[in-house]
Amino acid sequence: MSNRAENIRNVTIAGHASKGKTTLCEALLNIAGATERVGKVADGNTVCDFDAEEKKRKVSLNSAVASVEYRGKSINFIDTPGLFDFAMGSAEGIRAADTALIVVSARSGLAVGAEKAFKSAGAKGLSRIFVTTKMDDERADFYKSFNEIVAKFGTQVCPIVVPVLSEGKVRSYYNMIEDKAFVYENGTKKEVTPEPADVLRFEAIKAVFAEAVASTDEELMEKFFEGEELTREEKIKGVKLGMADSSIIPVFALSGLTGVACDMLLDFIADVCPAPLSEYAMDADGEPVELTADENGPLAAVCFKTVSDAFIGKLNFFKVISGKITSSVTAYNARTGKEERMGKIIKMFGAKQLDASELAAGDIGAITKLSGFSTGDTMCSSNHVIRLDDVVIPTPTYKMAIGAVKKGEEEKIAAGLMRLCEEDPSLSFSNNTETHQQIISGLGEQQLEVAVSRLKDKFGVDSVLSTPKVAYRETITKKVSAQGRHKKQSGGHGQFGDVFIEFEPYDTENLIFAERVVGGSVPKNFFPAVEKGLNECMENGVLAGYKMVGVKATLYDGSYHPVDSSEMSFKMAASLAFKEGISNAMPVILEPIVTLKAIVNDDAMGDIIGDINRRRGRVLGMTPAADGNQEILAEVPDAEMTTFSTSMRQITQGRGSFTTEFARYDRAPEHIAQKVISEAKA
């Protein structure tokens, strides 16, 4: 590893919404000397919440990078949103970081967002730190929150900075590594001597810390058992080892709003948190290759975030795993196999772009005007092609129809949404050719509302969301015969076509056309016209105008005129036969059924099953899943799934997830069919 990489710290700030992540980031940037004053989310002047929508809603919606220099270390902070609708931002931060600061409110305790961040960071192999913030709140209870964390994640949770309490109020903060207590008054920090009662109170906590640190190394464990005190350097060594193998999860108490004790967290990041980690990539032959953060190694950088803006253009954020990016390097995309000229290299500080000559191994930065790169792509050398793990993109599960307020602006909506989907791959956009609607899918209602707002602000197009139409089908349930006779005389050559067609149910998506005409009653050269006429009619059923399926049509008789018969005449005759025959063949409405796979926690399983039943679903079975959860397999009408995403989140408190896949079409219940027909005729 190069010396420069050893001095880089990539830290993502993650957790539940509104627990103080952006406020903590603001405090750390100020203590590092990167800002002259501390911004506030409520005032809309923080470094990382610079987007217009974030200022309006006063909550983080995107990941943001702020790079600072502190005590000889280059620290890249990645502030991420905590709202579940914007989980893409959290995924971007997890992919780019080596350490995750998981923020927990000392007032409200451990929340689901912190649990999910802990799990995601652990799956990626990141070191993790719990930060219990909001200690300035009079309702804060650090030890209650700490005990919740220990109960959930086990004894590897290790206190580093804890509050010293007197009559329920914080008197000072005790740093286990320094073995000192500090008080913060009027913006200044000074060491204090703990009261004898405080010393006794901390003996148990210090013992837990010492044992956790000593257990990471045989020499430290031997010294611990002999009753010797560990030095500061030995404590740091032990914590580093423990964070690397997840046997130690540090915990810090502080206040992001006032900045109290934030300096000790920042010092810990600089002194103890890991430098960029090695990664495995896949070479052109599909073989694994280990990459270290060596600037002299082969170029490998992952695009973890994309910004597409009408004013600043396209901006791709990269984490360099190996090698270095300079202006002379050709940007080769391992996914597309294409090369591009390197754009401008910049370091980010919120919305500010700072010119940089290069990005070395382990570092994070952005590059302008790389049109072919998208989130998850690997930049490498064309003579040494490798693929890095891409960003884990959350699967969109909530869909709505989006339409233009003004007629004729559908293309502007499509163009704008394609740009937004490039920025946020957890958004998707499609055109439903059957319902003739534009469909936008995402993680939840708020995400789609923000997309609509950004369409107006960035691309100048007003749009509105609505419940998407369901692509129903129509079919027949009875075998019938019908005649279609088309005759028209208007001077000169007339039009004449006469057919007898048998219609019957058949297990097929498209029309099955057959003939058993005898005696030449209908010449063979008119058979294609009859089939074409029937196929055109299949596009619009007789009940509600939905596409027909499951029909076999057999032409068995008819008549023709040697002069007046034509392809058009027989096409029209077939259409008349179709309308009469299908109407008499007991047509019914079919509704799409999806297979639902839902992962839920045990506590919510009964309520989720009840919700599925209320949606006319049918539970097929349950099997154990990871982390003590259960997987529910069910079949549910697609028409009932519109609000399931919201219900799932509410019932499971955000812990659950699900996927759906089209299964088949089933006959709709009579009351549903009548409703569909009435709506079609309205």
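How much area does the chain expose, and what share of it do carbon and sulfur atoms supply? The chain exposes about 30,900 Å², and carbon and sulfur atoms supply 49% of that area.

## Overall picture

This is a predicted model. The chain has 682 residues, and 53% of them count as buried. Its C-alpha atoms fill a box of roughly 110 × 60 × 50 Å along the principal axes. The secondary structure comprises 17 helices and 36 strands.

Contacts reach far along the sequence. Take those between residues at least 6 apart: 71% of them join residues at least 24 apart. The chain carries 79 positive and 96 negative charges. The mean positions of these two sets lie 6 Å apart.

## Two nonpolar cores

The largest nonpolar core holds 95 residues. Within this core, F77, L101, F130, Y173, L265 and F268 touch the most other members. Helix 10, residues 262-271, gives the most to this core, with seven residues. A second, separate core has 28 residues, including I476, F503, F527 and V530.

F77 shows how segments from across the sequence come together. Beyond its neighbours within four places in sequence, F77 is in contact with V11, I13, C25, L28 and L29 among others. The list also includes A64, V65, A66 and V68. From helix 10, residues 262-271, the contacts of F77 include L266 and I269.

## Helix 10

Is helix 10 largely enclosed or largely open? Helix 10 is largely enclosed by the rest of the structure, because eight of its ten residues are buried. The buried set is C262, D263, M264, L265, L266, F268, I269 and A270. Two of these names recur from the core: L265 and F268 are among the residues that touch the most other core members.

## The loop at A32

A32 sits in the loop between helix 2 (21-31) and helix 3 (52-57). Its relative accessible area is 15%, so A32 is buried. Leaving out residues up to four places away in sequence, A32 touches V68, E69, Y70 and L266. Two of these partners link back to the core residue F77: V68 and L266 are also in contact with F77.

The stretch that follows A32 covers some distance. A32 and A52 are 20 residues apart in sequence, and their C-alpha atoms are 26 Å apart in space.

## Helix 7: F202 and F209

Two phenylalanines represent helix 7, which spans residues 196-214. F202 lies in this helix, and so does F209. F202 has 3% relative accessibility and therefore counts as buried. F209 is also buried, with a relative accessible area of 3%.

What does F202 contact, leaving aside its neighbours within four places in sequence? The partners of F202 are Y143, V162, P163, V164, Y174 and M176. For F209, on the same terms, they are C158, P159, I160, M176, I177, K235 and V239. M176 thus appears in both lists.

Two C-alpha separations add scale. F202 and A212 are ten residues apart in sequence and 15 Å apart in space. F209 and I160 are 49 residues apart along the chain, yet 7.6 Å separates their C-alpha atoms.

## Positive phi in two loops

Most residues other than glycine have a negative phi. R71 has a phi near 50°, a positive value. R71 is in the loop between strand 2 (64-70) and strand 3 (73-79). At 44% relative accessible area, R71 is partly exposed.

N186 also has a positive phi, near 55°. Its loop joins strand 8 (180-185) and strand 9 (188-192). N186 counts as exposed, at 83% relative accessibility.

## Cysteines

How many disulfides does the model contain? The count comes to zero. C303 illustrates the point: the closest cysteine sulfur, in C380, is 13 Å from the sulfur of C303, which is too far for a bond. The cut-off for a disulfide is 2.5 Å between the sulfur atoms.

C303 is buried, with a relative accessible area of 0%. C537 counts as buried too, at 11% relative accessibility.

Conventions
Residues numbered from 1 in each chain as written. Predicted model: local features only at pLDDT ≥ 70, side-chain atom pairs only at ≥ 80, totals over all residues. Heavy atoms only, no water. Buried < 20%, exposed > 50% of the residue type's maximum accessible area, 1.4 Å probe, protein only. Helix = DSSP H or I, 4+ residues; strand = E, 2+ residues; numbered from the N terminus. Contact = heavy atoms within 4.5 Å. Areas by Shrake-Rupley, 256 points an atom, 1.4 Å probe, with all protein chains shown as cover. Lys, Arg positive; Asp, Glu negative; His and termini not counted. Charge placed at Lys NZ, Arg CZ, Asp CG, Glu CD. Core = buried A, V, L, I, M, F, W, Y, C linked by side-chain atoms within 4.5 Å.
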